[in-house]
Amino acid sequence: MYTANTMASAIEAMGMSLPGSSSTPAEDPMKLVECRLAGRHLLKLLKMDLKPRDIITKKSLHNAMVVVMALGWVHQCCVTLNCYCKVTMLWSVGLKLTLDDFQKVSDEVPFLADLKPSGEYVMEDVHKIGGTPAVICYLLELGFLDGDCITVTGKMLAENAKAAPSLAEGQAPPQPDKKTGQIQTLYGNFAPDGSVAKITGKEGLYFS
């Protein structure tokens, strides 16, 4: 998972983009359809008076972290999600994220997807098996996501997932690539406020 894929998946899991849009390849004709759908849903959101502050909550941010941990975390996302939170929510409702929040999710959520740069596959392969919606559906089944979060469709995350295809037999990993997520928070004289390392398990499970 590279940064663009990571953030797109996080934003979809957060409820701030249309289902499936984060995993559709850039040159796929479906991208034009998604643009038209985005316009329609924007009008719908205006009529519903549904605002970003209604969608971006502590629970929806947790959902975002869960999805990117399961797919293969890019550690810059810690900074990016934190900035996103500050710009959209922090000043208005006091919502904030810390490195400890990211570490807690990483400790609880297994690394499930064998995606580049550490793995074999790319986001287009995820798209072929149902895309981010199928992953969200699977993680809801496992109990890692909160389905009662409103999204830009005007529906809850769990409602959107009902329309998504489930992962076919053999696509869901029998064993996770790693039993925990990919990030490890580090503190020390070089980073007294904390730093983040990415550990996929393929290079070892600890630093010494």
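**Entry 1. Terms and overall layout**

I take a helix to be a DSSP run of H or I with at least four residues, numbered from the N terminus. I note at the outset that the model is predicted. I first looked up the inventory of the protein chain and found 9 helices and 2 strands. Reading along the sequence, I recorded the order α-α-α-α-α-α-α-α-α-β-β. The protein chain has 208 residues, and 42% of them count as buried. I also looked up how far apart in sequence the contacting residues are. Among contacts in the protein chain with a separation of 6 or more, 70% join residues 24 or more positions apart.

**Entry 2. A4 in helix 1**

I located A4 in helix 1. Is A4 buried or exposed? Its relative accessible area is 60%, and the cut-off for exposed is over 50%, so A4 is exposed. I then checked A4 against S22, which is 18 residues away in sequence. The C-alpha atoms of A4 and S22 are 9.1 Å apart in space.

**Entry 3. L37 and D49**

I placed L37 in helix 2. L37 has a relative accessible area of 27% and is recorded as partly exposed. L37 and L18 are separated by 19 residues in sequence, with 8.2 Å from C-alpha to C-alpha.

I next examined the loop between helix 2 (30-48) and helix 3 (52-55), where D49 lies. The phi of D49 is near 60°, a positive value in a residue other than glycine. I noted this because most residues other than glycine have a negative phi. D49 counts as partly exposed, at 48% relative accessibility.

**Entry 4. I55 and the core of 6 residues**

I found I55 in helix 3. How accessible is I55, by relative accessible area? The value is 2%, and I55 is therefore entered as buried. I listed what I55 touches, leaving out residues up to four places away in sequence: M14, G15, M16, L50, S60, I150, T151 and V152. One of these, M16, is 39 residues from I55 in sequence, yet the two C-alpha atoms are 7.0 Å apart.

**Entry 5. The largest nonpolar core**

I then turned to the largest nonpolar core, which has 30 residues. Which members touch the most other members? They are V67, L139 and L145. I recorded helix 1 (3-14), helix 4, helix 6 (99-108), helix 7 (123-128) and helix 8 as each supplying at least two residues of this core. Helix 4 gives the largest share, 9 residues. Apart from this core I found another, of 6 residues, including L18, L50, I55 and I150.

I followed L145 further. Setting aside its neighbours within four places in sequence, L145 is in contact with N63, V66, V67, I136, L139, L140 and L157.

**Entry 6. Helix 4 against helix 8**

I looked up the packing of helix 4 (residues 58-71) with helix 8 (residues 131-142). Two packed helices are described by the angle between their axes and the distance between the axes. Here the axes come within 11 Å and cross at roughly 105°. Angles of 65 to 115 degrees count as roughly perpendicular, so helix 4 is roughly perpendicular to helix 8. Which residues make the contact? From helix 4 they are V66, V67, A70 and L71, and from helix 8 they are V135, I136 and L139. By class, I counted 7 nonpolar residues in this contact, with no polar and no charged ones.

**Entry 7. The two strands**

I closed with strand 1 (residues 183-186). In a regular strand the side chains alternate between the two faces of the sheet. Which residues of strand 1 are on the covered face and which on the uncovered one? I entered I183 and T185 on the covered face, and Q184 and L186 on the uncovered face. Strand 1 is joined by 4 bridges to strand 2 (residues 195-198), and the two run antiparallel. Within this pairing, I found Q184 opposite A197 of strand 2.

Technical notes:
Residues are numbered from 1 along each chain as its sequence is written. This is a predicted model: local features need pLDDT of at least 70, side-chain atom pairs count only at pLDDT 80 or more; totals for chains, interfaces and linings use all residues. Side-chain values use heavy atoms; hydrogens and water are left out. Axes are lines fitted to C-alpha atoms, for helices over the stretch in contact, and angles run from 0 to 180 degrees between N-to-C directions. Angles under 35 degrees count as roughly parallel, over 145 as roughly antiparallel, 65 to 115 as roughly perpendicular and the rest as oblique. Contact means heavy atoms within 4.5 Å. Ala, Val, Leu, Ile, Met, Phe, Trp, Tyr, Cys and Pro count as nonpolar, Asp, Glu, Lys and Arg as charged, and the others, Gly among them, as polar. A nonpolar core is a set of buried Ala, Val, Leu, Ile, Met, Phe, Trp, Tyr and Cys residues joined through side-chain atoms within 4.5 Å. Buried means under 20% relative accessible area, exposed over 50%, partly exposed in between (1.4 Å probe, protein chains only). Two strands pair if DSSP finds at least two bridges between them.
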